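Got the viewer open and a selection tool ready? Let's walk through this one stop at a time.

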Amino acid sequence: MAAHRRPGRRSIGGHTARTAFTIALAGAATATAFDGTGDAAPQLTPAQVKAKVDKLYQEAEAATEKYNGAKEKADAAERRLSGLRDEAARRTDGLNSARDALGSIAAAQYRDGGIDPALQLALSDDPDHYLAGAEFVDRASTRQAAAVASVRKQLREIERLRGAARVELTSLKSRQAELKREKKTITGKLDAARRLLSQLSAEERARLGEGAGGTGRASRSSASGARVGLEAPSGTAAKAPNSRAAAAVSYAYSKLGSPYVWGATGPDAFDCSGLVLAAYRSAGISLPRTTYAQIDAGHRVSRSELLPGDLVFFYSGISHVGIYIGNGKMIHAPNPSAPVRIAPIDEMPFAGATRVV
């Protein structure tokens with residue numbers, strides 16, 4: 001029988017060696033890509049940067065309006081809490097006076113040979129056991145019973161006020177937590193937008209700024225930081241539905257060039273709803289703080305019915321607002337990259353319009 005021999009090991013060479021080397025390189029490249037250490041992502045074009053930045057600004061503004069709403073509610077809760085605490089303090093002062101009067105009665109009784117049990121309970125530091133049984137009141141004189149009943153009523157009222165204050169404090173803490181969350185969202189979006197814009201040259205950023213809807217002196221002022229408030233054209237005021245709307249338009253013109261600052265309501269900086277709030281406040285009209293509340297502050301008008309002073313709203317979430325000035329244009333506070341300026345209402349998705357007065 002022939003002996004079985006193991007085949008000899010063949011060396012890798014020629015085509016086989018080249019194939020193995022190619023496969024090894026491909027595997028290494030794949031592994032590098034999955035490890036995140038490969039080539040950087042392709043550089044975005046200025047147009048792509050602008051699209052991403054615009055989306056980030058719109059998302060930041062939606063968060064800003066939520067922040068404004070939460071702040072409005074937090075401020076209201078803080079005012080209510082302060083009022084409740086002040087009222088509780090006043091009632092406590094009254095209670096102390098009433099208990100002092102009972103103390104005088106108790107002292108007189110002591111001199112006469114004893115203190116009525118009802119007065120002992122009334123002067124106790126433990127209100128939970130104060131007048132625990134109606135029989136104590138029955139044993140007091142008519143005058144004492146009236147005084148003791150008054151103290152008991154004041155104690156109950158103070159406890160009610162303290163309970164209401166605890167509820168308001170809980171509400172306030174909840175609103176403050178909401179403010180913190182929305183602020184984090186806003187700053188995150190704005191930081192991301194700044195990082196994207198930093199990839200562009202100054203010339204590209206300026207070109208995108210001019211192409212973003214800015215017109216006239218107000219847009220150019222953003223480069224130098226100068227304020228360029230203007231007077232409203234006489235024809236614009238004449239077309240407004242009334243003098244208050246005309247006054248709001250005039251105010252908006254006077255703020256052209258003012259910087260955008262989220263959460264600001266003037267007089268030197270604004271966010272979009274803050275500008276609207278300030279403009280109508282100057283005309284003697286109080287508006288809600290947020291875009292989604294401002295749209296319900298007057299009566300709706302169609303796009304074809306727009307007159308100077310009407311509020312124009314944008315995006316499905318009603319996250320942006322401007323003041324219409326005629327000829328298809330508005331004055332608005334766009335975003336942190338641009339000041340208060342004139343822009344066409346066609347530059348954003350139109351969502352509706354309201355005539356305040």
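Start by selecting D54 and K50: their side chains meet in a salt bridge, with N and O 2.5 Å apart. A salt bridge here is a side-chain nitrogen of Lys or Arg within 4 Å of a carboxyl oxygen of Asp or Glu. D54 and K50 sit four residues apart in helix α2 (residues 46-111), so about one helical turn separates them. Helices (H or I, at least four residues) and strands (E, at least two) are DSSP runs, numbered from the N terminus. Both ends of this bridge are partly exposed: D54 has a relative accessible area of 34%, and K50 has 23%. Buried means under 20% relative accessible area, exposed over 50%, and partly exposed in between (1.4 Å probe, protein chains only).

A word on what you are looking at: this is a predicted model, where local features need pLDDT of at least 70 and side-chain atom pairs count only at pLDDT 80 or more, while totals for chains, interfaces and linings use all residues. Residues are numbered from 1 along each chain as its sequence is written, and side-chain values use heavy atoms, with hydrogens and water left out.

**Along helix α5**

Next, pick R160 and E157, a salt bridge whose closest N and O atoms are 2.6 Å apart. These two are three residues apart in helix α5 (residues 142-197), about one turn of the helix. R160 is partly exposed, at 47% relative accessibility. Now add E87, R90 and R91 to your selection: together with E157 and R160, they are linked in a network of salt bridges.

Stay on α5 and move to R175 and E178, where another salt bridge spans 3.3 Å from N to O. Here too the partners are three residues apart in the helix, so about one helical turn lies between them. R175 is partly exposed, with a relative accessible area of 24%. How many salt bridges are there by this rule? The count comes to 16.

**Rings that meet**

Time for the aromatic residues. Rings of Phe, Tyr and Trp (its six-membered ring) pair if their centres lie within 6.5 Å; planes under 30 degrees apart count as stacked, over 60 as edge-to-face and the rest as tilted. That gives three aromatic pairs. One of them is Y67 with W262, an edge-to-face pair at 4.9 Å centre to centre, with 85° between the planes. Y67 is in helix α2 and W262 in the loop between α9 (243-254) and α10 (272-282), so this pair ties together parts that are 195 residues apart in sequence. Y67 counts as buried, at 14% relative accessibility.

Now select Y251 and F270, which also form an edge-to-face pair: 6.4 Å centre to centre, 90° between the planes. Y251 belongs to helix α9 and F270 to the loop between α9 and α10, so the parts they tie together are 19 residues apart in sequence. Y251 is buried at 16% relative accessibility, and F270 is buried at 0%.

While F270 is highlighted, add S258, which is in the loop between α9 and α10. S258 and F270 are 12 residues apart in sequence and 7.4 Å apart in space, C-alpha to C-alpha. Is S258 buried or exposed? S258 is buried, with a relative accessible area of 0%. Its side chain reaches the backbone oxygen of K255 at 2.8 Å, a polar contact (a pair of N or O atoms within 3.5 Å; within protein, one must be able to donate a hydrogen and the other to accept it, and residues adjacent in sequence count only if both atoms are side-chain atoms).

**Into α10 and the core**

Select α10 next. Nine of its 11 residues are buried, so this helix is largely enclosed by the rest of the structure. Among the buried ones are C272, L275, V276 and Y280. Just after α10, look for G284, which takes a positive phi of about 85°.

Finish with the largest nonpolar core, a set of buried Ala, Val, Leu, Ile, Met, Phe, Trp, Tyr and Cys residues joined through side-chain atoms within 4.5 Å. Of its 32 residues, Y253, Y280, L287, L311, I323, I331 and V340 touch the most other members. At least two residues of this core come from each of α9, α10, β2 (311-314) and β3 (320-326). Apart from this core lies another, of 25 residues, among them L161, L172, I186 and L190.
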